[in-house]
Amino acid sequence: MTQLPTPGATPAAPPPSEPLPTAAPPRPRWRETLGLLARNPTAAVSAVVLVLIVLMAVFDETLAPDGPNDQDPSLQLQPPSWDHPFGTDEFGRDILSRVVLGAATSLRVGFLSVAFALVVGTLIGLLAGFYGRWVDDTLMRLMDVLFAFPAVLLAIAIVAIRGAGPANAILAIGIVYVPIFARVTRASVLGVREEVYVRASRSVGASDWRLITRHVLPNAAPPIIVQTSISLAFAVLAEAALSFLGLGPRRPNPSWGLMLADGRGFIDQAWWYTVFPGLAIVVTVLCFNLLGDGLRDVLDPRQRTLMAGGGR
Amino acid sequence: MTSPSTGAPDVLVSARGLEVHFPVRSGGALRRTTGLLRAVDGVDLDVHRGETLGLVGESGCGKSTLGNALLRLVPPTGGTVTFDGADVTRMGRRELRELRRRAGMVFQDPFASLDPRRTVAQTVAEPLEVHGLHPGRQARAARVRELLQLVGLDPGVAARYPHEFSGGQRQRVGIARALAGEPDFLVCDEAIASLDVSVQAQVLNLLRRLQRQLGLTLLFISHDLSAVRHVSDRIAVMYLGRVVEVGPASAVAAEPQMPYTRALLSAVPLPHPQLERSRQRIVLRGDVPSPSRVPSGCRFRTRCPDVFAPCPDVDPALQPVGSAPGHVAACHLHGVVGTPVERERPDAPVDAGDPAA
C-alpha cells in the first residue's frame, strides 16, 4: 500500500532535482517574437533593410530625383556621377530614379504572386498530406501536371490566355509556384501527421480542422517559411524574366527585371545599367532569405528558450 | 469491481470478438494487398467500472492496438466494442465526440505526446475548448490551474512549453490533459515505460491516487509485470492479438493457468537474492510468430512447453480455470473448449513459426 497524499494539498511535490520552470513573463507572444528577432543580428538587419525597401517602394514618387521616363538624349549611357549616382541608360534616363520607381512593381509582383502560391499551395499540401489516399493522389497528380511544364512556358501560356500585364504576370508566377508549396507542405505534413501529439489531440476529441490548424500547420510551418522567403526571391527574378519576354509590366515603366533585361544589351559599354538594378534584386532577395531563416528559428519554442536564456 | 448486491460485475467497456487487421501492402504504385496483419484478432474483454485492469503481453502482441481500438482511435475491422452500453463502432460524429470526452488516453512517450509549439496551458485546455467546458477565459484558466494542481504540478508553469519539463513532469501534463474532460475511463498506454525508474513510481502512485479520488476506470497497458501487479485489480494477458488469460490480479500472479502466463511471470526477477537464486525460469523457445502468419488452433502452440494433440485443431475459448471466481484462460489443458479449425488456412501454414522446423 502506498502513502496517498491528502487531496487538496499540493501533492507529490517533485524532488529538488527537477526544478520547475519559473512562471513566464506575461508578455504577448508576438512582442516576444519581435524581441527575439531583434537579437538575431542578421535577421534584424535584413528586416530593417526590407522595411526600407518597402518604404522606398511606397514613397517612390517623392524619393526619386527624376521622373522615371524623363529622357535626355545628351546624357546617354553616362557612368555614375554626382548628378546621376547610378548613371544613365541609353535614353539618358536616371537609373537611380528608375531603380527606386521599379521597386514598387517588382515587390508587388513578388509579394502577390508568392502570397497566391503560399495560400493555394499550402492548402493543397495540407489536405493531400493530412488525408492521404485518394485526396493525396488526386491533388498531387494535378500538381505533377503543373510541375511537368517548364515554368516559363507555363507562365507564357497563362499570359497568352489571359493577356499580358502585371496582374496576369502575378497570376502566372503564382500558379507556377503552387506545386512547389504543395510539395513542401505535403512532405512536412506527412511527418507531423504521425506525431503522437496529433493522435493525443484526436483522443480528446479534436476535429480534423482543429488538428490541421492548431497542430499540423504550426509544426509543419518551418520549411514553408523558408520556402516562402526563397520563392519571394525567385518571384522577383521570374518577374524579370517575364518582363524580359514582354509578358509582365510594360515598358517604359520601370521594373528591376525589365531594366536588367534592357541593360543586358549594353553590358560591355555600361556596367552600371545592369549592376544597379541587379544589386537591388540581390539585396532584396538576400534579405528575404536571411529573414526567413531567422523567422524559422524564432518560431521554434525550443530555439526560443535557448535564445531567450543565452541571449546577448 | 463487483457490485455487492448482485455479484454481477458492472461493465463499463466491453469488447466482443474485436478484430483489428491491417492490410499488408506490397510496395510500388499498385499497392496490392498481399496479406493481413492480425494485430488484434478476436478479443473478448470486459473492463469493470471503477477497476484497474492491467493488460500485459510482450512487444507486438497488440496491447496498444487493443487500447486504441477500444476508443476507436484505430478503427476495428470486426467485432464490437461497447462503452457504457453504447456501441462504439457505430457511433456518429456527436456520440464519438462525447466518447472522447468520457474516455481519455495517456501515451507512452511524454516527449512525443505534447505539441512542442503549445504551452502547457494550451495543451491542458484543449479538451475544454473542444467540448465547450468551463467557457470563458477566466474559468478555463482556473480549471487548468486546478488540473495542474491535481496532477502535482505548480499551476505557475501553465505558460511554459513542454521542452522545459522533465519526462515525469511532462507525463503529468499528459495526464492532466486526459483528465480535463472529467472522463470515466482512462487508457494508460505504457504510460510509465519511458520514464526513469524513480519517476515511474511517482507517476504510478499518482495514477492510483487519481483513480481513487476521481472514481476512474483504468486500463493499464504495460509490459512491466511488477508495475501491473502493483496497480491492477485484475490482469489480462495478451498473446499474438488475443487475450489468453484474465483474472483477479492476485490469482493470475499466484496461480497462472496458461503456460504463456507462467512463462511471462517466471521472467520477473525477485528482489530477494536467495529467492532469486532459486527462481525457476520457464524459457520459451523461438520467437513470437508474425501476426500476419498466425498459427492455426491455439496461437501459442508453436512455443508452448505443454503442447498436445488438440492444440493445432481447436482454437481455444476462454474458460473458467483455477479457484478464484472470474479467472478464465484459453488453454486446452483445462479441457478442450473452442472452435475446430481448418488446418490449411491460406495465410497460416501449420508449421508457421515453428522453432523446431
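**Helical architecture of chain A and domain contact in chain B**

Read along the sequence, chain A follows the pattern α-α-α-α-α-α-α-α-α-α-α-α. The model is predicted. Chain A holds twelve helices and zero strands. Its length is 312 residues, and 40% of these are buried. Contacts in chain A were also examined by sequence separation. Of those with a separation of 6 or more, 68% join residues 24 or more positions apart.

The UniProt record, an unreviewed entry, lists the feature "transmembrane region" for chain A at residues 36–59, 109–130, 142–161, 167–184, 224–250 and 270–292. Two of these listed spans were examined for secondary structure. Residues 167–184 of chain A are 100% helix and 0% strand. The end C-alpha atoms of this span lie 26 Å apart. For residues 224–250 of chain A, the helix content is 78%, again with 0% strand. Here the end C-alpha atoms are separated by 32 Å.

One loop residue of chain A was considered in detail. P254(A) sits between α9 (208–244) and α10 (256–264) of chain A, in the connecting loop. P254(A) counts as buried because 29 C-beta neighbours fall inside 10 Å, where the cut-off is 20 or more. S97(A) lies 157 residues away from P254(A) along the chain. In space, the C-alpha atoms of P254(A) and S97(A) are 9.3 Å apart.

Chain B was analysed by domain. Domain 1 of chain B comprises residues 11–24 + 36–232, and domain 2 comprises residues 262–348. Taken over C-alpha atoms, the centres of domain 1 and domain 2 of chain B are separated by 29 Å. Domain 1 of chain B gives twelve residues to the contact, and domain 2 of chain B gives nine residues.

The side of domain 1 of chain B that touches domain 2 of chain B was then broken down by element. Both β2 (33–48) and α7 (225–231) of chain B supply at least two residues of this side. The largest share is that of β2(B), with six residues. By class, this side of domain 1 of chain B contains six nonpolar, two polar and four charged residues.

Key
Residues are numbered from 1 along each chain as its sequence is written. Chains are lettered from A and ligands numbered from 1 in the order in which they are written. This is a predicted model: local features need pLDDT of at least 70, side-chain atom pairs count only at pLDDT 80 or more; totals for chains, interfaces and linings use all residues. UniProt positions are given in the numbering used here, feature names are shortened, and annotations may be inferred rather than shown by experiment. Helices (H or I, at least four residues) and strands (E, at least two) are DSSP runs, numbered from the N terminus. A residue is buried if 20 or more other C-beta atoms lie within 10 Å of its own, exposed if 12 or fewer, and partly exposed in between; C-beta atoms are placed from the backbone. Two residues are in contact if their C-beta atoms, placed from the backbone, lie within 7 Å. Domain bounds come from an automatic or database domain assignment. Ala, Val, Leu, Ile, Met, Phe, Trp, Tyr, Cys and Pro count as nonpolar, Asp, Glu, Lys and Arg as charged, and the others, Gly among them, as polar.
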